[in-house]
Amino acid sequence: MPPSPPAEIGAPFSEIDTPALIIDLDAFERNLDAMASAVSKLGVRLRPHAKTHKSPVIAAKQIARGAVGMCCQKVAEAEILVAGGVADVLVSNEVVGSRKLERLAALARHARISVCADDPAMIEQLGLAAERAGSQIEVLVEVDVGARRCGVRPGPAASGLARQIAGSRHLSFGGLQAY
């Protein structure tokens, strides 16, 4: 038997079984519309990050208002988004470990998947995983622009990774990513 929801719509806060996602629907929809309007006026594409909501339902509402896809931080989050119908997901972090790379490559058979990379060995492993899965993955080179948070130095290191990606049959160079 499936569990009961944490609350019914309109229930007082005192009756909500926590943890529960609570949304002021009017404010939520105003915010979605405001973001879509602002992006449209700027002539840029929007790819919201799902790290707060982690919800394919909310992602669908963002996409319906013009978002080109979603960002997430982990392979598991990408799997949830794709299972919920999101067709374009960027994992905006490096993915490390053969098991996670295999899962990402398998997921790329069902949706357009992009990922960030800052290491030649990871790119090689990702290309092999995509080859085994029969998939194609877009890769963005993560560049350190001074924060020393992640990424490679601009210049030869970054361009070398871009060439490595472009030389792979199962990977495509998608651009640069920086914080």
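The following exchange concerns the sheet and two helices of a predicted model.

Colleague: In what order do the five strands of the open sheet stand?

Modeller: Strands of a sheet pair through backbone hydrogen bonds, either parallel or antiparallel. In this open sheet the pairing is parallel. The order of the five strands is 1-2-3-4-5.

Colleague: Which strands stand at the edges?

Modeller: A strand at the edge of this sheet has a single partner strand, so one side of it is left without a neighbour in the sheet. This applies to strand 1 (70-72) and strand 5 (171-178).

Colleague: Which residue in strand 2 is the bridge partner of Cys71?

Modeller: Strand 1 pairs with strand 2 (residues 88-91) in the parallel sense, over three bridges. The bridge partner of Cys71 in strand 2 is Leu90.

Colleague: What angle does the direction of helix 6 make with that of strand 4?

Modeller: Helix 6 (residues 156-166) packs on the sheet, where it touches strand 3 (112-117), strand 4 (137-143) and strand 5. With the direction of strand 4, that of helix 6 makes an angle of about 175°.

Colleague: Is helix 5 roughly parallel or roughly antiparallel to helix 6?

Modeller: Helix 5 (residues 120-133) packs with helix 6 at an angle of about 10°, and their axes are 10 Å apart. Angles under 35 degrees count as roughly parallel. Helix 5 is therefore, relative to helix 6, roughly parallel.

Colleague: How many nonpolar residues does the contact of helix 5 with helix 6 have?

Modeller: Helix 5 contributes Pro120, Ile123 and Glu124, while helix 6 contributes Leu161, Gln164 and Ile165. By class, one residue of this contact is polar and one is charged. The number of nonpolar residues is four.

Methods. Residues are numbered from 1 along each chain as its sequence is written. This is a predicted model: local features need pLDDT of at least 70, side-chain atom pairs count only at pLDDT 80 or more; totals for chains, interfaces and linings use all residues. Side-chain values use heavy atoms; hydrogens and water are left out. Two strands pair if DSSP finds at least two bridges between them. Helices (H or I, at least four residues) and strands (E, at least two) are DSSP runs, numbered from the N terminus. Contact means heavy atoms within 4.5 Å. Axes are lines fitted to C-alpha atoms, for helices over the stretch in contact, and angles run from 0 to 180 degrees between N-to-C directions. Angles under 35 degrees count as roughly parallel, over 145 as roughly antiparallel, 65 to 115 as roughly perpendicular and the rest as oblique. Ala, Val, Leu, Ile, Met, Phe, Trp, Tyr, Cys and Pro count as nonpolar, Asp, Glu, Lys and Arg as charged, and the others, Gly among them, as polar.
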